[in-house]
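Hi everyone, thanks for making room for me this week. I'll put the structure up on the screen, and then we'll walk through it piece by piece.

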Amino acid sequence: MNKILVLGSLFSLLFCFSCSNKEKKENKKQTETLKKLPLKYAHSFDIEKGEKYSLLKVYGVGADTAHFESFKLMPAPKAQVPKGVIPVPCKRIICLSSTQLTYFFALDNIDNIVATNSSRHLYHKGMQQRIKSGVVKRVGKEGHFNTELIASLDPDVIFVSPFKVGGYDALKSLGFNLVPMAAYEEETPLGRAEWIKMVAAFTGQEQKADSIFNAVAQRYEQLKSLAANVKKRPTVFSGKMRSGTWYVPGGDSFYAHYFEDAGAEYIFKDDKKAAHPLDFETVYATASQCDYWRILVPNPIGYNKGAMVDEDPRYADFKAFKENHIFACNIRKKPYYEQNAMKPDVILADYIHFLHPSLLPGYKPEFYELMK
């Protein structure tokens, strides 16, 4: 009897071991079917594609690979996917930042956007019309989201800012899929543009995204090579006073990379990646003799050098001001924030036009203009 019990126990153990090994092999096989999407410039996300689903990883601040959020995307109707899985292509999308819309505009796909934030300034005529007609709802801003309205829209996915201020806990508690759009964590212009591939994973437009991005990257690299051969690299600085402080892009920042690619020498040389506050005197001591000055202005139409001096008479003491070398983009006139992430080649051409006029003869800037 004891022998029978022992043999029975051994058989049970062998059976469990066999089942366990089979399960491990099946899981391993399932994992091995995922193939990572090749990315050349972006570092803040990864996509692994399989036959039945894709796995998206969005990394933490600074593209920290030790911390990430993962999302499973499955090509199936919403009613057929398990809880916590996002059905693709998504039919009901909410963008909680107007800067996220740039990728949908580039893909020519706004029909599945059901809501956006309450940004006052949108230039895209199609989106303007959809908001005006009520097809696309405005659901408030960070900290003041209309949770009831969002819930009634039953979104497949909500794209959110990685720099969350408030209001997201309530949305998450309702079980919505909140996907951080961390494109602005990228340190290079083409890194930001490559995020169109992430958005395309939700819209089912992967091939179109590849084609669009490849054309943008090719044009950008051509312009970068053109500017790399200049004999003299003019100096440049950026920004102006805001509420008593001058926020200066770091020497290893996104804008510093832009200036370098445009054949210029960015005057603030440090290893900082983000903008940091300085007082006027510190900026003046470093940048007063710079050749060029780049600014973004959110001012009414007609803003000019005279208006700058009215704001702060000390601006007139800069060499770039005296020599009419200020190139500016007025975001009240141009759809800069709606388009810049997907038009790095255009912005680079604008910069080169001002910094090295002879390199692009006949070129007409799209975003920037010389301030008079």
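Let's start at K49. Is K49 buried, exposed or partly exposed? It is partly exposed, with a relative accessible area of 33%. Keep in mind while you look that this is a predicted model.

Now, which residue does the side chain of K49 meet in a salt bridge? The partner is E206, with 3.6 Å from N to O. This pair links distant parts of the chain: K49 sits in strand β2, residues 45–49, while E206 belongs to helix α8, residues 206–228, and 157 residues separate the two. E206 is partly exposed as well, at 29% relative accessible area.

If salt bridges are new to you, the basic idea is simple: side chains of opposite charge can pair when their charged atoms come close. The structure holds 17 salt bridges, and I'd like to show you a few others.

Take D312 and R314, whose side chains meet in a salt bridge at 2.9 Å, N to O. Here D312 is buried, with a relative accessible area of 9%, whereas R314 is partly exposed at 31%.

Next come E369 and K333, with a salt bridge of 3.1 Å, N to O. E369 lies in strand β18, residues 369–370, and K333 lies in the loop between β17 (326–330) and α13 (336–339), so the pair ties together parts that are 36 residues apart in sequence. E369 is partly exposed, with 36% relative accessible area, and K333 counts as partly exposed too, at 34%.

There's also a little group to find on the screen: K78, D154 and D156 are linked in a network of salt bridges.

Okay, back to helix α8, where we met E206. How far apart are the end C-alpha atoms of α8? They are 32 Å apart, and since 23 residues at 1.5 Å a residue should span 33 Å, that agrees.

Which residues of α8 are buried? They are A209, F213, V216, A217, Y220, L223 and A227. Have a look at the spacing of those numbers, and remember that an α-helix has 3.6 residues a turn, so residues three or four places apart point the same way. As for what sits against them, the buried residues of α8 pack against α6 (189–193), α7 (196–203), α9 (254–261) and α14 (344–355).

Let's switch from helices to strands. Strands of a sheet pair through backbone hydrogen bonds, either parallel or antiparallel. In this model there is an open sheet of five strands, in the order β8-β7-β6-β9-β10, with parallel pairing. Which strands stand at the edges? Those are β8 and β10 (178–180), and each has a single partner strand, so one side of each is left without a neighbour in the sheet. For β7, residues 113–116, the pairing with β8 is parallel and runs over two bridges. If you want a spot to zoom in on, A115 stands opposite K137 in β8.

Follow the chain on from β8 and you reach K141, in the loop between β8 (137–138) and α4 (147–153). K141 is partly exposed, with a relative accessible area of 43%. Leaving out residues up to four places away in sequence, K141 touches S118 and S119. And K141 and N117 are 24 residues apart in sequence, but 5.6 Å apart in space, C-alpha to C-alpha.

One more residue to visit: H276, in strand β15, residues 276–278. H276 is buried, with a relative accessible area of 12%. Not counting residues up to four places away in sequence, H276 touches W246, Y247, V248, P249, G250 and D270.

What about cysteines? C95 is buried, at 0% relative accessible area, and C329 also counts as buried at 0%. How many disulfides are there? The count comes to zero.

Finally, let's zoom out to the whole protein. It has 14 helices and 18 strands. Buried residues make up 47% of its 372 residues. Among contacts between residues at least 6 apart in sequence, 57% join residues at least 24 apart. The protein exposes about 19,500 Å², and carbon and sulfur atoms supply 54% of that.

That's my tour, so go ahead and spin the model around yourselves.

Key:
Residues are numbered from 1 along each chain as its sequence is written. This is a predicted model: local features need pLDDT of at least 70, side-chain atom pairs count only at pLDDT 80 or more; totals for chains, interfaces and linings use all residues. Side-chain values use heavy atoms; hydrogens and water are left out. A disulfide is a pair of cysteine sulfur atoms within 2.5 Å. Buried means under 20% relative accessible area, exposed over 50%, partly exposed in between (1.4 Å probe, protein chains only). Helices (H or I, at least four residues) and strands (E, at least two) are DSSP runs, numbered from the N terminus. Contact means heavy atoms within 4.5 Å. Accessible areas come from the Shrake-Rupley method with a 1.4 Å probe; for residues, only the protein chains shown count as cover. A salt bridge is a side-chain nitrogen of Lys or Arg within 4 Å of a carboxyl oxygen of Asp or Glu. The expected span of a helix is 1.5 Å times one less than its number of residues. Two strands pair if DSSP finds at least two bridges between them.
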